[in-house]
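Trainee: I have the model open and would like to go through its helices with you. Shall we begin with a single residue and work outwards?

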Amino acid sequence: MTLQVHRVTLLNVQVQLESEHPVNVTLWIIAGILAALFFMAGLMKATQPKEKLTANMPWVDDFSAGTVKLIGIVEILGALGLILPAALHIAPILTPLAATGLAVTMLLAAAVHARRKESQAIVVNVLLFALAAFVAIMRLGPQSF
């Protein structure tokens, strides 16, 4: 049995994808998608004025501008934590911890949307929670680094 290792280089960062473990590839794909979504959403919350966000995110009216920016910063840091520690091989335990943090963030977001009776937003929160929790569980367990 031979082990094939594929190297993917992106921005001078090499990620090894072992072809014998398709779950590893799946985890990288899920983490990448989550990272992109959370980074974009976090960047918007961290940089846009609260008044501009209210049009698409009515929940921001329930929070101060500082809290909305803090949520955005948490999402940005979580997105970076999903990819960089594992890709750079520097403290890779931070990857499942970041996924856990994002999963908790989605649980809290779902609670806010439930209080506001925004059921469509809860569906998105549950989906993102499930994906983040899957990455966290797998990276802490059978597919750890």
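Trainee: In which helix is Phe39 found?
Mentor: Helices here are DSSP runs (H or I, at least four residues), numbered from the N terminus. This is a predicted model, where local features need pLDDT of at least 70, side-chain atom pairs count only at pLDDT 80 or more, and totals for chains, interfaces and linings use all residues. Residues are numbered from 1 along each chain as its sequence is written, and side-chain values use heavy atoms, with hydrogens and water left out. On that footing, Phe39 is found in helix α1.

Trainee: Which helix gives the largest share of the nonpolar patch?
Mentor: Phe39 is one of the patch members, and others include Leu43, Ile73 and Ile90. Patches take residues with over 30% relative accessible area and no salt bridge; nonpolar side chains (Val, Leu, Ile, Met, Phe, Trp, Tyr) are joined within 5 Å. Together the members have about 690 Å² of accessible area (Shrake-Rupley method, 1.4 Å probe, with only the protein chains shown counting as cover for residues). α1 and α3 each supply at least two residues, but the largest share, five residues, comes from α3.

Trainee: How are α1 and α3 oriented to each other?
Mentor: Axes are lines fitted to C-alpha atoms, for helices over the stretch in contact, and angles run from 0 to 180 degrees between N-to-C directions. The axes of α1 (residues 22-47) and α3 (residues 65-88) come within 7 Å and cross at roughly 150°. Angles over 145 degrees count as roughly antiparallel, under 35 as roughly parallel, 65 to 115 as roughly perpendicular and the rest as oblique. The two helices are therefore roughly antiparallel.

Trainee: Which residue meets Glu75 in a salt bridge?
Mentor: Side chains of opposite charge can pair when their charged atoms come close. A salt bridge needs a side-chain nitrogen of Lys or Arg within 4 Å of a carboxyl oxygen of Asp or Glu, and the structure holds four. For Glu75 the N to O distance is 2.8 Å, and the partner is Lys45.

Trainee: How far apart along the chain are Glu75 and Lys45?
Mentor: Glu75 lies in helix α3 and Lys45 in helix α1, so to speak distant parts of the chain. The pair links residues that are 30 residues apart.

Trainee: What is the orientation of α1 to α5?
Mentor: α1 and helix α5 (residues 119-140) pack with their axes 10 Å apart, at an angle of about 135°. That makes α1 oblique to α5.

Conventions:
Patch = residues over 30% accessible without salt bridge, like charges linked within 9 Å, V, L, I, M, F, W, Y side chains within 5 Å.
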